[in-house]
Amino acid sequence: MAVKPIEAVLFDMGGTLERLYYDENTLRMAAPRMLEFLRGRDLDPGLSPSELQSRVVAGMEGYQAWREQSQIELSPEKVWTEFVFPDCGPSKERLAAVAEDLSYLHATHFQERSLRPEAPAVLEELRRRGFRLAVISNVLSRGLVGSCLAEYGIAHHFEQVVTSAQFGWRKPNRRIFDEAVRLMELAPSACAYVGDTLSRDVAGARHAGFGLAIHIRSFMTDRSDKGIVAVEPDAVIYDLLEVVELVSAVGEVVERG
């Protein structure tokens, strides 16, 4: 029996199409920029840069623990007013008004982001071979993914971009995978998913019935998976170039039974 061919390749963003990195120095350099932003909008938190850094890190860690359990992505407004600055008091409305900007600033300054150098050529080749492309991304900022794709010059390759910020559910919840294939009008079995986490990307693609679940390791892999995930990908890769032949080969294999 011939294996159903892959018609579309869907990618995670951060850690997969992009390289992500942060360390203590990254956080230390980002905190003054966020403090300047807040003060410029009459939202001075009364904290030093190091204190603000600790507050943001602790708040985001608290939110991360909550969302990992719920698989829900809250709005930026709720995250910044309820998790990061729960004591904002009368400033809550003004803080909520700039919450999306804070989320974007956090994603672009508290983490270093860069496009994997092989990504443009891979996307070009996949489209040349007739594959349809999309993105499914867990992200708090509503505008981050679209902005990054445009900045990298690769937005035109993707017919759909589905983010947890817009949709409300996060990977590994199958709802966000189901939404992407619904928009593309494809069967999940005709789709491959490429992501850098087992706990979110591979597990989610498996639950949604994707034809292939491909794992690419990144700086974020061990931080996200914490070494406790019992799920196996169809392939482990270290370079996006490997995706092209992996998805092209499916459908050419004949199972003997």
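**Strands, cysteines and overall fold**

Trainee: Which residue in E3 is the bridge partner of Arg19?

Mentor: This is a predicted model, where local features need pLDDT of at least 70 and side-chain atom pairs 80 or more, while totals for chains, interfaces and linings use all residues. Residues are numbered from 1 along each chain as its sequence is written, and side-chain values use heavy atoms, leaving out hydrogens and water. Strands E2 (residues 18-21) and E3 (residues 112-115) pair in the antiparallel sense over four bridges; pairing takes at least two DSSP bridges. In E3, the partner of Arg19 is Ser114.

Trainee: Which side chains of E2 point to the buried face?

Mentor: In a regular strand the side chains alternate between the two faces of the sheet. In E2, Arg19 and Tyr21 point to one face and are not buried (buried means under 20% relative accessible area, 1.4 Å probe, protein chains only). Pointing to the other face, and buried, are Glu18 and Leu20.

Trainee: How many disulfides does the structure hold?

Mentor: Cys148 is buried at 4% relative accessible area, and Cys191 is buried too, at 0%. A disulfide needs two cysteine sulfur atoms within 2.5 Å. The number of disulfides in the structure is zero.

Trainee: What is the radius of gyration of the protein chain?

Mentor: The chain has twelve helices and eight strands (DSSP runs: H or I of at least four residues, E of at least two). It is as compact as a globular protein of 257 residues, because the globule rule (2.2 Å times the number of residues to the power 0.38) gives 18 Å. Taken over C-alpha atoms, the radius of gyration is 19 Å.

Technical notes
Buried < 20%, exposed > 50% of the residue type's maximum accessible area, 1.4 Å probe, protein only.
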